Amino acid sequence: MSHSSAGPELFHSQAKAALGDPQLRQNFRGAMDYLQYKRKSAFHDPVEEDKIRDLSEAIRQRCLSKLPQLLELLDTTCTRNGIQVHWAENSNEANDIIARIAQRHEAKLIIKGKSMVSEEIELNHEMAKLGVECLESDMGEYIVQLDGDKPSHIIMPAIHKNKQEVSDTFARHLDNFTPTLDVDELIQTGRTRLRQKFYDADIGLSGVNFAVAETGSLCLVENEGNGRMCTTVPKVHIAITGIEKVVEFLSDVPPLYSALTRSATGQAITTYFNIISSPRKSGERDGPLEVHLVLLDNGRTQAYQDVDMRKTLQCIRCGACMNHCPVYTRIGGHAYGTVYPGPIGQIISPHLMGLDKTKELVTASSFCGACAEVCPVRIPIPDILQRLRTAAKNPPEADMMSMTGQASAASTLESLAMKGFAFAATTPTIYHAGTWSATKLKGLMPDNIGPWTQCRTSPKFADKTLHQLIKTRNKKKGETS
């Protein structure tokens with residue numbers, strides 16, 4: 001069953017639909033509780049956790065402060081190593097670059113490792129137009145691809161499905177599959193079906209967790225081994241990443257790697273860590289003959305221009321903010337209608353898609369601060385959301401960056417109402433007259449005022465209850481004396 005959404009413009013209706021799906025909510029509740037527990041266990045020492053987060057934040061901020069220079073250095077070192085570097089300003093350019101490489105090699109099949117950026121540019125859809133099949137090899141991505149679905153989480157794409165739903169998906173799409181609820185058998189089924197595809201593929205495509213400017217190396221973090229197969233078996237390897245993933249030194253990687261794995265899955269280290277620094281060299285028996293790196297902007301430079309918004313780009317894509325967000329854990333990822341859901345998606349998507357398309361998302365927060373408390377690189381997500389809310393409703397100030405779609409949520413009526421409230425709240429005579437009137441009129445408030453009172457007591461009823469409690473206690477006190 002597909003849970004894919006139509007887009008962020010329909011967030012409210014999609015969130016309502018998700019809340020009305022008991023199976024979806026049960027799937028997410030169990031998964032989120034487990035991931036929260038795993039992260040807590042991985043950071044059992046608060047002092048160590050603070051040190052790791054402080055160091056990771058410092059590394060990301062240092063690298064971002066030098067981003068233009070580091071990107072040029074990365075281009076130089078990668079080129080020196082034999083990696084062909086391509087720059088893409090937007091999704092169309094990125095797809096065109098990959099299409100040209102595929103056409104030059106007369107490719108019919110691209111086998112993919114996990115890459116959220118490829119989801120961002122809708123690579124599978126664009127390549128299909130050219131007659132090139134893109135096959136996902138990450139198990140979660142493979143499952144949702146079979147179902148015509150989309151990922152609901154940035155590191156666990158099929159987290160919205162339970163094992164019964166996975167078995168049903170395989171039964172619908174795979175020949176000679178015997179339905180089972182044994183997780184090991186389900187995983188083995190997927191691996192068996194994919195194994196030959198690595199050899200049949202003309203091109204392997206992957207994402208990049210860290211691109212090291214100093215050495216011209218591409219680092220991939222994974223647990224399944226499919227990333228290593230995608231990047232070594234086919235004759236051509238294409239890596240695609242956002243420009244923010246560059247780090248200055250190879251020594252920057254271990255702290256970030258530790259923060260990533262602990263925050264994402266509660267692991268001290270993943271099963272595989274791949275470092276790719278060149279195509280196959282003379283005398284080597286495996287590896288691709290060509291390696292290409294596509295560096296994608298797609299709105300990231302807009303965030304980079306503003307010192308506060310730039311902190312959005314510190315993200316290392318661990319998903320911890322999603323796992324702890326009271327909104328995401330109840331509605332899942334598809335309700336957001338964006339490639340990057342949850343708190344991090346709420347602050348990066350406006351730059352990738354424009355505030356006009358994502359203005360509903362910046363209000364989808366309780367501002368509890370859980371996302372900021374668990375972020376391994378200390379992104380102040382609530383503060384950035386406040387900035388985006390302001391930008392969605394107001395034109396830019398003279399010294400501020402203008403965002404795509406800014407002021408798209410502006411409302412003349414709301415603006416007048418807030419100005420009126422501000423005037424009343426700062427004028428003592430009006431303010432005191434208003435509060436006096438409110439106390440006199442509270443008796444007109446109904447006991448049931450909709451959803452607000454489903455989990456709270458209405459002010460009127462609360463007042464009556466408190467009054468009755470005082471009378472009862474005074475009566476008992478009198479009897480005792």
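Visitor: What is the strand order in the open sheet of 4 strands, and how is it paired?

Guide: Happy to start there. In this predicted model, the order is 8-5-6-9, and the pairing is mixed.

Visitor: What makes strand 8 and strand 9 edge strands?

Guide: Strand 8 (246–247) and strand 9 (272–276) each pair on one side only, and that makes them the edges.

Visitor: How do you know that strand 5 and strand 6 pair?

Guide: Two strands pair if there are at least two bridges between them. Strand 5 (residues 210–212) and strand 6 (residues 217–222) are joined by 3 bridges, so they count as a pair, and they run antiparallel. In one of these bridges, phenylalanine 210 has cysteine 219 of strand 6 as its partner. Helix 12 packs on this sheet, touching strand 5, strand 6, strand 8 and strand 9, and its direction makes about 180 degrees with that of strand 5.

Visitor: Why is helix 2 called oblique to helix 12?

Guide: Let's put the angle beside the cut-offs. Helix 2 (residues 22–42) and helix 12 (residues 253–265) pack at about 140 degrees, with their axes 6 Å apart. Roughly perpendicular covers 65 to 115 degrees, and roughly antiparallel needs over 145. The angle fits neither class, nor is it under 35, so helix 2 is oblique to helix 12.

Visitor: Which residues meet where helix 2 packs on helix 12?

Guide: Leu35, Lys38, Arg39 and Ala42 of helix 2 meet Arg262, Ser263, Ala264 and Thr265 of helix 12. By class, the residues of this contact are 3 nonpolar, 2 polar and 3 charged.

Visitor: What is the order of the open sheet of 6 strands?

Guide: That one reads 1-10-7-4-2-3, with parallel pairing. Strand 1 (83–88) and strand 3 form the edges, each pairing on one side only. On average, neighbouring strands are turned by 25 degrees against each other, direction ignored.

Visitor: How do you know that strand 2 and strand 3 pair?

Guide: The same test applies: at least two bridges are needed. Strand 2 (residues 109–112) shares 4 bridges with strand 3, in the parallel sense, so the pair qualifies. Lysine 112 stands opposite glutamate 136 in strand 3. Helix 10 (residues 183–200) touches strand 2 and strand 3 as it packs on the sheet, at about 125 degrees to the direction of strand 2. Helix 4 (residues 67–81) lies across strand 1 and strand 10 (290–296), running at about 145 degrees to strand 1.

Visitor: How much space lies in the second largest pocket?

Guide: About 830 Å³. The pocket is lined by 37 residues, and the closest to its centre are Glu119, Glu120, Glu122, Lys150 and Val339.

Visitor: What makes Val339 count as nonpolar and Lys150 as charged?

Guide: Val is on the nonpolar list and Lys on the charged one. The whole lining divides into 12 nonpolar, 15 polar and 10 charged residues. Among the elements that each supply at least two of them are helix 6 (116–120), strand 3 (133–136) and helix 16 (342–353).

Notes
Residues numbered from 1 in each chain as written. Predicted model: local features only at pLDDT ≥ 70, side-chain atom pairs only at ≥ 80, totals over all residues. Heavy atoms only, no water. 1 Å grid on protein atoms, 1.4 Å probe; cavity = no way out; pocket = protein on both sides within 12 Å on 5 of 7 lines; lining within 4 Å. Points joined across faces, edges and corners; volume = space filled by probe spheres on them. Helix = DSSP H or I, 4+ residues; strand = E, 2+ residues; numbered from the N terminus. Axes fitted to C-alpha atoms, helices over the stretch in contact; angles between N-to-C directions. Contact = heavy atoms within 4.5 Å.
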